[in-house]
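Student: Could you take me through the salt bridges here, and then have a look at the annotated binding site? I'd like the cut-offs spelled out as you go.

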Amino acid sequence: MSRGPALAHTREELADLLARARGAGEQVGFVPTMGALHEGHASLMRTARERVGTGPVVASVFVNPLQFAAGEDLDRYPRTLEADLDVCAREGVDIVFAPSAEEVYPGWPQQREPQVTVEPGPLATLLEGRVRPGHFKGVLVVVAKLFGLVRPDVAVFGQKDYQQLVLVRQMVADLCMGVDVVGAETVREPDGLALSSRNRYLDADQRAEAVHLNRALREAQDNARYGVAVALDAARAELRLGKGVDLDYLVVTTPALAELPPVVPPGTEARILVAARLGATRLIDNLPLVLGTTGEDA
């Protein structure tokens with residue numbers, strides 16, 4: 001049985017715990033989380049372990065206040081550190097970094113935002129960014145900070161938060177951070193619902209309705225060979241079956257979240273993304289598509 005991960009609450013403790021691995025030239029894997037860990041997070045930790053071998057895997061547990069707008073669920077976001085440590089121990093994580101807001105943002109709470117931040121660019125104003133202004137700025141600021149503290153060789157993010165994954169990769173490329181950002185497959189319940197810490201907010205009726213999100217994406221996948229319009233129509237038809245599903249957006253884009261051209265060549269890779277509310281809980285999901293009839297289907 002593993003003795004469990006070492007726990008660091010401060011930047012200095014984290015640096016001390018990583019010093020031996022850095023001195024030995026070992027690869028460092030990193031999984032940033034906001035806690036309330038579930039099997040989806042566990043899969044990210046396993047991916048990190050596969051990538052770095054015997055090098056240390058670090059997981060952070062930090063509910064980042066900068067990525068929550070006024071009126072969002074910062075106060076009710078679950079904090080379950082003891083249970084999170086059990087998950088990390090089970091998955092062989094070596095170090096858990098669980099800092100306070102004051103540790104991550106010196107001067108907090110009087111100075112609620114760093115004077116030097118990360119500008120996420122125009123993509124951050126679309127999709128999730130349109131509904132949550134400033135969200136991705138807060139995400140990239142904390143990821144940049146954590147990358148600076150952990151200095152990972154590999155960082156693993158889930159594909160469920162697909163726009164976040166795209167933006168983190170763009171930041172790493174544009175700022176020459178030298179981190180290999182891995183996008184791990186979304187882990188799902190047996191009925192297809194993407195695992196999320198927010199699923200626990202759903203009552204029984206809402207949980208039953210939530211399956212229509214993934215079913216809609218699957219319908220789009222099944223009909224993608226007929227083009228974007230047909231794929232979207234199939235997805236919308238499925239979503240209409242979810243009586244409690246309040247749709248925010250349903251879009252098909254390029255894998256980089258750019259707009260598709262008016263004429264899409266057969267075999268074009270794309271992404272379909274959905275966001276919807278069920279009561280007070282907002283869920284997101286996405287899947288890859290291959291648009292148009294391929295030569296094999298002709």
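Tutor: Sure, cut-off up front: a salt bridge here is a side-chain nitrogen of Lys or Arg within 4 Å of a carboxyl oxygen of Asp or Glu. Keep in mind that this is a predicted model, where local features need pLDDT of at least 70 and side-chain atom pairs count only at pLDDT 80 or more, while totals for chains, interfaces and linings use all residues. Residues are numbered from 1 along each chain as its sequence is written, and side-chain values use heavy atoms, with hydrogens and water left out.

The structure has 16 salt bridges. Take R51 and D180, whose closest N and O atoms sit 3.6 Å apart. That pair links distant parts of the chain, with R51 in helix α2 (residues 39–52) and D180 in strand β6 (residues 180–184), 129 residues apart. Helices (H or I, at least four residues) and strands (E, at least two) are DSSP runs, numbered from the N terminus. R51 is partly exposed at 45% relative accessible area, and D180 is partly exposed too, at 38%. For those labels, buried means under 20% relative accessible area, exposed over 50%, and partly exposed in between (1.4 Å probe, protein chains only).

Next up is E113 with K137, at 3.0 Å between the closest N and O atoms. E113 lies in the loop between α4 (101–104) and α5 (128–131) and K137 in helix α6 (residues 135–150), so this bridge ties together parts 24 residues apart in sequence.

D233 and R236 are a more local story: their salt bridge spans 3.4 Å, N to O, and both residues lie in helix α9 (residues 228–240), three residues apart, about one turn of the helix. Then there's a network: salt bridges with shared partners join E39, R46, R90 and E91.

Now the binding site. An unreviewed UniProt entry puts that feature at Q67 and Q164; UniProt positions are given in the numbering used here, feature names are shortened, and annotations may be inferred rather than shown by experiment. The two are spread over 98 residues of sequence but cluster in space, the largest C-alpha distance being 11.4 Å.

Q67 is in the loop between β3 (57–61) and α3 (81–90) and counts as buried at 9% relative accessibility. Leaving out neighbours within four places in sequence, its contacts (heavy atoms within 4.5 Å) include R132, H135 and V139. Q164, in helix α7 (residues 162–174), is buried at 18%. Beyond residues up to four places away in sequence, Q164 touches F136, V139 and F157.
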